[in-house]
Amino acid sequence: MSVSIQQLSTYLNGLLRVQEITDYCPNGLQVEGRREVTHIVTGVTASQALVDAAIAQGADTLLVHHGYFWKGESQTITGMKKKRISALLKNDINLLAYHLPLDVHPEYGNNRQLAKLLNVHQVKAVSSVKPVGVLMEGELPSPIKGEDLKQLLATQLSREILMECPQNKEITRIAWCTGGGQGFIEQAVEANVDAFITGEVSEQTIHVAREMDIAFFAAGHHATERYGVKALGEHLSEHFDIPVTFIDIPNPA
Ligand SMILES: [Zn+2]
């Protein structure tokens, strides 16, 4: 089976409500390749390693969370960006990228998928943070200690977790934002949760956690953002009846 890139990108733009979400990069088709889509490779970031893996797989379309053309970056196609883009163009591969629309989607979003991995209930968006769905809150099935939540995250995400947790803290209500969401720790405090989980950490995040009595977990930007694009790819495979291959290029950050 196959689908045209036009059909596929129109479908994804609608599903992920691209028009409604303001972002720091273009969402949708970023680099145009072949007209017919017969094999999609999915991954977190359109790095050279992922582009090369897509070429090796003979894919015609690459679907990622982190694409190119970020606000504030150099507008020229030189150096690293030239190598990546010329590899795509030479091999006639489409690059589809969805950033915030893929973080916040109520079913395939990174935040929703992380909640599933942790078995979080009563999931809802913290409404003070826009776009809605970037910061989420919910409840664990039962109260647990910081060490146990750290262990759960380590098991589910297959990596080491950084934790800053007040002694004897019992955790039931959590807030989370996949990726580089450490700046939302204060909104998490305001949402009155016991713990905040995100991908990355900054020096000041630790002070906020200590002084505002909230448990903090940095579980990896890459690790927390594998599951959205993976779930979306599985959906596309079913919906269009085409092969979709998720490729994880490990990243310790
Ligand atoms: Zn990200």
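This passage walks through two sheets, the helices packed on them, and a few individual residues of a predicted model.

Residues are numbered from 1 along each chain as its sequence is written, and side-chain values use heavy atoms, with hydrogens and water left out. Because the model is predicted, local features need pLDDT of at least 70 and side-chain atom pairs count only at pLDDT 80 or more, while totals for chains, interfaces and linings use all residues. Helices (H or I, at least four residues) and strands (E, at least two) are DSSP runs, numbered from the N terminus.

One open sheet is built from 5 strands in the order β2-β6-β5-β4-β13, with mixed pairing; two strands pair if DSSP finds at least two bridges between them. β2 (28-31) and β13 (244-246) occupy the edges with a single partner strand each, so one side of each has no neighbour in the sheet. On average, and with direction ignored, neighbouring strands here are turned by 30° against each other; axes are lines fitted to C-alpha atoms, for helices over the stretch in contact, and angles run from 0 to 180 degrees between N-to-C directions. Between β2 and β6 (residues 94-97), which run antiparallel, there are 3 bridges, and G28 has A97 of β6 as its bridge partner.

Two helices pack on this sheet. Helix α1 (residues 5-15) touches β2, β4 (40-45), β5 (61-66) and β6, and its direction makes about 5° with that of β6; contact means heavy atoms within 4.5 Å. Helix α10 (residues 226-240) touches β4, β5 and β13, its direction making about 165° with that of β4.

The second open sheet has 6 strands in the order β7-β8-β10-β11-β12-β9, again with mixed pairing. Its edge strands are β7 and β9, each of which pairs on one side only. Neighbouring strands in this sheet are turned by 25° against each other on average, direction ignored. Strands β7 (residues 121-125) and β8 (residues 136-145) pair in the antiparallel sense over 3 bridges, with K124 standing opposite E137 in β8. β8 is also joined to β10 (residues 170-177) by 6 bridges, and these strands run antiparallel; here E139 stands opposite R173 in β10. By contrast, β11 and β12 run parallel and are joined by 4 bridges, and I197 has F217 of β12 as its bridge partner.

Helix α6 (residues 146-157) packs on this sheet and touches β8, β9, β10, β11 and β12, with its direction at about 115° to that of β8. Helix α8 packs there as well, touching β9 and β12, and its direction makes about 40° with that of β9.

A closer look at α8 follows. Within this helix (residues 203-212), T205, I206, V208 and A209 are buried, where buried means under 20% relative accessible area, exposed over 50% and partly exposed in between (1.4 Å probe, protein chains only). Viewed down the axis of α8, the buried residues fall within an arc of 160°, so they line one face of the helix; the arc is that of the directions from the helix axis to the C-beta atoms. Their cover includes β9 (162-164), α7 (185-190) and β12 (215-218). The face turned away from the buried side carries the exposed residues E203, Q204, R210 and E211. Just after α8, D213 takes a positive phi of about 55°.

Aromatic rings offer another view of the fold. The whole structure contains 3 aromatic pairs; rings of Phe, Tyr and Trp (its six-membered ring) pair if their centres lie within 6.5 Å, and planes under 30 degrees apart count as stacked, over 60 as edge-to-face and the rest as tilted. The ring centres of Y11 and F240 are 5.2 Å apart with planes at 85°, so this pair is edge-to-face. It links distant parts of the chain, with Y11 in helix α1 and F240 in helix α10, 229 residues apart. Y11 is partly exposed because its relative accessibility is 22%, whereas F240 is buried at 13%. The rings of F196 and F216 have centres 6.1 Å apart and planes at 40°, so that pair is tilted. F196 lies in strand β11 (residues 195-198) and F216 in strand β12, 20 residues apart. F196 is buried at 0% relative accessibility, and F216 is buried with a relative accessible area of 0%.

Finally, H105 sits in the loop between α4 (100-104) and α5 (110-117). H105 is buried, with a relative accessible area of 9%. Leaving aside residues up to four places away in sequence, H105 touches L15, L16 and R112. A polar atom of the H105 side chain lies 3.3 Å from the backbone oxygen of L15.

Technical notes:
A polar contact is a pair of N or O atoms within 3.5 Å; within protein, one must be able to donate a hydrogen and the other to accept it, and residues adjacent in sequence count only if both atoms are side-chain atoms.
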